[in-house]
Amino acid sequence: MSESHARPARGRVGVMLPRDLPVGDVLPFARRAEELGFDQVWVVEDLGWRGGVAQAATVLAATTDLTVGIGIMPAGARNVGFAAMELATLAQLHPGRLIAGIGHGMPGWMRQAGSWPASPLTLIKEYASALRLLIAGEPGPANGRYVRCEGVVLTEVPDVVPPVVLGVRGPKSQQAAGEVADGLLLAEPAAPAYIAASLRNLGPAASANRPEIVTYDAAAVDDDEETALTPVRAALEPVGEPEWAAHIAPLPFATELSEHRAACPDARNFARTMPAEWVRQLSISGTPAQARAAVDARHAAGATSVVLAPAGPDALAALGSLARALPHRH
């Protein structure tokens with residue numbers, strides 16, 4: 001049975017490995033991120049692209065000190081016992097360097113794959129509870145509505161148990177994260193007000209336990225502010241749609257943003273004509289000083305790890321510029 005748990009990595013800055021990165025750039029991207037001083041690389045698992053566990057294993061093996069986050073593995077996609085084996089093995093081989101993100105998955109994708117449950121909230125609560133027990137070497141809990149692994153015990157478990165965070169946005173799901181997980185992964189955009197609102201949803205008891213709070217944001221940095229904001233605008237095209245309401249509602253300009261979207265003929269026009277101040281608040285972008293201030297603001301709001309998602313056509317080339325957003329500690 002494992003004796004220690006990984007503590008939240010506070011004040012960290014990571015970078016997202018884009019899902020469409022050419023395969024020949026995957027390892028150069030990860031190694032370059034480590035050289036530049038990023039603390040973490042996060043891999044994504046979107047239906048039809050690359051698998052999260054396979055990417056994480058490869059990046060961990062190709063680097064030395066980076067923490068690798070999986071954001072996210074849909075709960076409906078894998079049997080919890082076998083998912084626990086995969087994660088426990090990664091954590092055993094690479095102690096203290098893994099964070100496991102679990103989520104509902106996008107409903108359309110999960111329905112397409114035949115894995116969308118009648119009660120996503122019930123599934124993720126059962127799944128996260130069982131996964132954490134199994135990775136720590138504890139017996140699986142009593143069988144639930146969806147998750148059945150009662151009495152299962154892993155023989156090979158890590159000395160440092162990786163945190164399990166829930167990549168969820170709804171208030172009820174975030175409350176569940178406070179009950180059954182080690183924290184939250186907040187998809188982009190994760191402005192400081194959204195971080196603070198999500199922490200409140202976790203509940204006071206969970207917040208007092210210093211949870212992991214990982215945030216994603218579209219990112220671009222350049223000495224010329226407008227040059228940086230242009231690619232980020234494209235990444236922000238969806239944020240006026242209903243699915244992103246939870247991200248926008250806590251912001252002081254939420255009403256104005258909604259009115260602006262309603263007045264625009266399409267998402268592209270909406271993002272292109274958005275005020276620059278909104279773009280900066282909804283991303284890590286602008287000059288190096290502006291980007292560092294955005295990172296600092298997210299840490300101050302409660303983020304333990306701020307993850308930059310490269311905006312623009314060449315993520316590998318952009319890494320050097322993004323590194324200029326790192327706090328002056330490297």
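# Helices, histidines and a cavity: how the labels are earned

Author: In this predicted model, helix α3 covers residues 80-93. Its 14 residues reach 20 Å from first C-alpha to last, close to the 20 Å expected at 1.5 Å a residue.

Reader: Which residues of α3 are buried?

Author: V80, G81, A83, A84, L87, A88, L90 and A91. They pack against α2 (52-62), β4 (67-74), β5 (98-103), α5 (120-135) and β6 (160-161).

Reader: What makes the link between N79 and G81 at the start of α3 a polar contact?

Author: A side-chain oxygen of N79 reaches to within 2.8 Å of the backbone nitrogen of G81. The cut-off for such a pair is 3.5 Å. The pair therefore counts as a polar contact.

Reader: Turn to α14. How many residues does it have, and what span does it reach?

Author: Helix α14 runs over residues 288-301 and has 14 residues. From first C-alpha to last it reaches 20 Å, close to the expected 20 Å.

Reader: Which residues of α14 are buried, and what covers them?

Author: P288, A291, A294, V295, R298, H299 and A301 are buried. The cover includes β2 (12-17), α7 (192-202), β9 (212-221), α13 (276-281), β10 (284-286) and β11 (305-310). Just after α14, G302 takes a positive phi of about 125°.

Reader: Why is H299 called buried?

Author: H299 sits in helix α14. Its relative accessible area is 18%. Buried means under 20%, so H299 qualifies.

Reader: What does H299 touch beyond its neighbours within four places in sequence?

Author: G11, R12, V13, T304 and V306 are in contact with H299.

Reader: And H260: why does that one count as buried?

Author: H260 lies in helix α11, residues 254-263. At 17% relative accessibility, H260 is under the 20% limit, so the label is buried.

Reader: What makes the approach of H260 to F270 a polar contact?

Author: The side chain of H260 reaches the backbone oxygen of F270 at 3.0 Å. That is within 3.5 Å, so the pair counts as a polar contact. Not counting residues up to four places away in sequence, H260 touches F270, T273, M274 and W278.

Reader: How many disulfides does the structure hold?

Author: Zero. A disulfide would need two cysteine sulfur atoms within 2.5 Å.

Reader: Why are C149 and C264 called buried?

Author: C149 has 5% relative accessibility. C264 has a relative accessible area of 10%. The limit is under 20%, so C149 and C264 count as buried.

Reader: Which peptide bonds are cis?

Author: The bond from G71 to I72 is one, with omega near 5°. I72 lies in strand β4. Another joins E188 and P189, with omega about 0°. P189 is placed in the loop between β8 (183-186) and α7.

Reader: How do you know where empty space is left?

Author: A probe the size of a water molecule is rolled over the atoms, and this shows the empty space.

Reader: How many cavities of 30 Å³ or more come out of the count?

Author: One. The largest cavity holds about 50 Å³ of space. That value is over the 30 Å³ threshold, so this cavity is counted.

Reader: Which residues line the largest cavity?

Author: A75, G76, G103, H104, W116, P117, P120, L123 and I124. The largest share of the lining, three residues, comes from α5.

How values were computed:
Residues numbered from 1 in each chain as written. Predicted model: local features only at pLDDT ≥ 70, side-chain atom pairs only at ≥ 80, totals over all residues. Heavy atoms only, no water. Helix = DSSP H or I, 4+ residues; strand = E, 2+ residues; numbered from the N terminus. Expected span 1.5 Å × (residues − 1). Buried < 20%, exposed > 50% of the residue type's maximum accessible area, 1.4 Å probe, protein only. Contact = heavy atoms within 4.5 Å. Polar contact = N/O pair within 3.5 Å; in protein donor to acceptor, adjacent residues only side chain to side chain. 1 Å grid on protein atoms, 1.4 Å probe; cavity = no way out; pocket = protein on both sides within 12 Å on 5 of 7 lines; lining within 4 Å. Points joined across faces, edges and corners; volume = space filled by probe spheres on them.
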